[in-house]
Structures are given as C-alpha cells and as structure tokens.
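This briefing is addressed to a computational chemist who has the sequence and the coordinates at hand. It proceeds by topic, with cysteines at the start and model confidence towards the end.

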Amino acid sequence: MVPWGANPGNCWGYITTGGTEGVTKGFELGYNRLRARNHEHILLVYSKASHYCVPKAANFVAGMCNKCSVDVSDTNSMKLGKLDDVLRSAKILGVDAILLCCTLGTTFFGGCDDIEGIRSLLIENGYGPKSFYIHIDAALHGGFWRDDRQTPKYQIGKHFDSISISGHKWYDSESHIEYVEMVDRFISGSRSGASAVLWMARLLQFDWQSELDRCYANRDYLVSELSSLGLHVASQYVNVLLPRPSEEVSKKWQLMCVGDEAQVLLLPHAARHFLAEFVEDVKGDIETNSMSFPTERLIRLAELQKEQ
C-alpha cells in the first residue's frame with residue numbers, strides 16, 4: 001500500500017475473504033464515519049458499471065440509505081455530467097452527506113472513474129471533505145495500477161478514504177453473474193482469499209513492472225491480430241473488447257461475455273501462443289458467420305481508437 005500513500009501511521013488493512021467483503025468493509029467504514037459526524041441523510045452513489053457486489057454491499061451496510069446509480073460512458077467510467085445532476089438534486093432534497101464508490105477497473109471493459117473530477121464535483125455542490133467518503137473498488141486494476149506509468153497516482157487521505165484490491169486477479173440478495181454463468185448465494189462473493197504468507201510470496205516472486213509491460217504487449221498484439229480479421233475491437237488497460245464469438249469458442253476460452261460483447265483480459269498467465277490459437281478460433285467463427293454483430297458502443301470505441 002505504500003505506493004498509494006499509505007504508512008502504518010495513517011491507515012490499516014487486512015486480507016479479506018473476497019472482493020465483496022472489501023467493498024462491504026469500505027461502505028461500513030464510510031457510513032459509520034459520516035454518521036459519527038452527525039450526518040443523518042446520507043446518499044450512497046455508485047456507477048451503473050459497478051460490480052454486482054456493490055449494490056449488495058450497500059444493502060448489507062446501509063439498508064436505510066437512499067441509493068443512486070450513475071450512468072456511464074462508452075468506456076464504462078462514470079459520467080461526470082450525470083453525477084453533477086445527482087449531486088445538485090441531492091442538495092435540494094436535503095442530503096447532507098455522500099458515500100461514494102468509485103471503480104478502478106470495472107469487471108467488463110475495465111472502466112476507471114475520474115476520482116479527482118468526482119471530488120471536484122462534490123466540493124462544487126457544497127459537500128466538503130467532512131461530508132463525503134470515497135471508497136475505491138480497485139478489485140480488477142488495483143494490482144497493477146501503481147506499475148502503470150500513465151495512471152493517476154491517487155493517494156489515501158488525499159483523493160480517497162479506503163480501497164479494496166483483489167490479489168487473485170492480478171497476482172494470479174441473489175444476483176445472477178452473467179459473465180461466469182452462476183448465481184451468487186454467498187456473502188463474500190464467488191471467490192475466497194488466501195493466506196497473507198502466500199500473497200507475500202507471490203508479490204516477491206516476479207518483477208511486476210515487467211509483467212505489466214508484457215501484458216500490454218500481448219494486448220497490442222491481440223488487438224492488431226483481431227483487427228486484421230476485419231473485426232471492430234477496442235481496448236483499455238489489460239481489457240480487449242470484441243464482438244461475442246460462438247458459444248463453443250466462448251466456453252473454450254472462458255470469455256467474459258455480456259450481451260453481444262466479449263472481453264479478453266490480458267493478465268500475466270495469458271501466453272502469446274494461447275492468443276494466437278484464440279485468433280485462429282475467432283477466424284473460424286468469422287468464416288462460419290458465428291460471430292455476433294458489433295454493438296454500437298463497440299463501433300464507436302473502435303473508430304475512436306483508430307483516430308488516436
């Protein structure tokens with residue numbers, strides 16, 4: 001946590017049983033802190049691209065709170081204009097504190113919220129630092145965020161109040177989870193954590209900056225190969241978005257699929273020869289007309305990235 005501005009004097013933390021517990025604990029801390037400051041009318045805000053555990057955690061911790069989900073852009077980041085509308089309305093309705101969940105790496109397509117922009121909007125709408133609390137759900141991208149040379153280096157106590165990161169992603173109410181085809185019946189979600197000793201060993205095992213560079217090189221390779229087949233493809237961070245392949249190919253490669261879109265996550269275990277084999281499978285789907293048509297969002301993203 002040192003790269004996030006943390007030290008033993010300004011924060012504490014622990015290894016949870018899963019990402020859901022991390023978000024739930026963040027909400028509990030935020031809700032109790034705002035209540036301790038005598039705020040009675042708290043609005044809990046999160047984006048519509050948040051992980052499914054976020055509204056679940058909100059109901060666990062702050063069941064009596066009003067809640068609001070905010071529209072997202074094509075990149076799955078929270079629309080600041082829509083958030084501004086929510087905050088203006090909240091002020092008129094007498095909301096005196098905001099508990100807000102920001103995301104660094106939405107489960108689908110890796111959307112990242114503009115945390116500095118969000119803080120500015122809170123202050124502009126009359127919510128000072130003592131009347132809001134920001135928890136970052138960095139389950140997907142938190143593991144490599146500090147090693148990416150291009151990402152904003154958010155600091156605890158300055159940009160956010162608490163953060164949860166899922167080690168298993170980067171370092172290896174009933175809700176249907178579309179992308180893994182199961183129903184979550186567990187408080188802590190679909191995965192559990194491991195021991196602190198094992199995670200420490202994993203952290204020291206590799207040069208994670210080099211691992212991230214390799215993942216980005218694989219991302220660029222995959223985007224180039226799929227684009228050469230005539231597909232609309234978009235990417236951000238380690239996420240590659242493409243039209244949904246056939247059921248056979250999707251299941252073979254355990255793709256994360258939502259609607260007519262599919263995602264490939266270029267994590268450290270994704271070796272180049274596997275990507276080449278995947279491209280050949282997609283090529284076969286194209287030849288048999290088994291691919292879904294590109295969504296309007298995917299077309300916009302692909303065209304935008306071509307211009308950059």
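Cys 53 has a relative accessible area of 3% in this predicted model, and because that value is under the 20% limit, the residue counts as buried. A search of the whole structure finds zero disulfides. Cys 53 accordingly belongs to none, and the nearest cysteine sulfur, that of Cys 101, lies 7.7 Å away.

**Cysteines**

- The 7.7 Å from Cys 53 to the sulfur of Cys 101 is to be read against the 2.5 Å within which two cysteine sulfur atoms are taken as a disulfide.
- Cys 215 is also buried, at 1% relative accessibility.

**Helix α3**

- Helix α3 comprises the 13 residues 80–92; at 1.5 Å a residue it should span 18 Å, and its end C-alpha atoms are indeed 18 Å apart.
- Its buried residues are Leu 83, Asp 84, Val 86, Leu 87 and Ala 90.
- These residues cover an arc of only 160° around the axis, so they lie on the same side of α3.
- The cover over the buried residues of α3 includes the strands β1 (42–47), β2 (66–70) and β3 (97–103), together with helix α4 (115–124).
- Gly 94, just after α3, adopts a positive phi of about 90°.

**Positive phi outside glycine**

- Asn 76, a residue other than glycine, has a positive phi near 70°.
- The position of Asn 76 is in the loop between β2 and α3, and the residue is buried, with a relative accessible area of 10%.
- Tyr 237, likewise a residue other than glycine, has a positive phi near 55°.
- Tyr 237 is located in the loop between β8 (234–236) and β9.

**Asn 239 in strand β9**

- Asn 239 belongs to strand β9, which runs over residues 239–243.
- With 0% relative accessibility, Asn 239 counts as buried.
- The side chain of Asn 239 forms a polar contact of 3.2 Å with the side chain of His 141.
- Beyond four places in sequence, Asn 239 is in contact with Phe 109, Gly 110, Leu 140, His 141, Ala 234, Gln 263, Val 264 and Leu 265.

**Asn 218 in helix α8**

- Asn 218 is part of helix α8, residues 208–228.
- Its relative accessibility is 4%, and Asn 218 therefore counts as buried.
- Not counting residues up to four places away in sequence, Asn 218 touches Leu 266, Ala 270, Arg 272 and Leu 275.
- Asn 218 and Ala 271 are 53 residues apart along the chain, and their C-alpha atoms are separated by 8.0 Å.

**Model confidence**

- The protein has a mean pLDDT of 87, with 88% of its residues at 70 or more.
- Which element has the highest mean pLDDT, and which the lowest? Helix α3 has the highest, at 97, and strand β6 (residues 175–177) the lowest, at 47.
- Over residues 173–177 the pLDDT stays under 50, and the model has 16 contacts for this stretch beyond four places in sequence.
- Where pLDDT is low, predicted coordinates should not be read in detail.

Terms used. Residues are numbered from 1 along each chain as its sequence is written. This is a predicted model: local features need pLDDT of at least 70, side-chain atom pairs count only at pLDDT 80 or more; totals for chains, interfaces and linings use all residues. Side-chain values use heavy atoms; hydrogens and water are left out. Helices (H or I, at least four residues) and strands (E, at least two) are DSSP runs, numbered from the N terminus. The expected span of a helix is 1.5 Å times one less than its number of residues. Buried means under 20% relative accessible area, exposed over 50%, partly exposed in between (1.4 Å probe, protein chains only). The arc is that of the directions from the helix axis to the C-beta atoms. Contact means heavy atoms within 4.5 Å. pLDDT is the predictor's confidence in each residue, from 0 to 100. A polar contact is a pair of N or O atoms within 3.5 Å; within protein, one must be able to donate a hydrogen and the other to accept it, and residues adjacent in sequence count only if both atoms are side-chain atoms.
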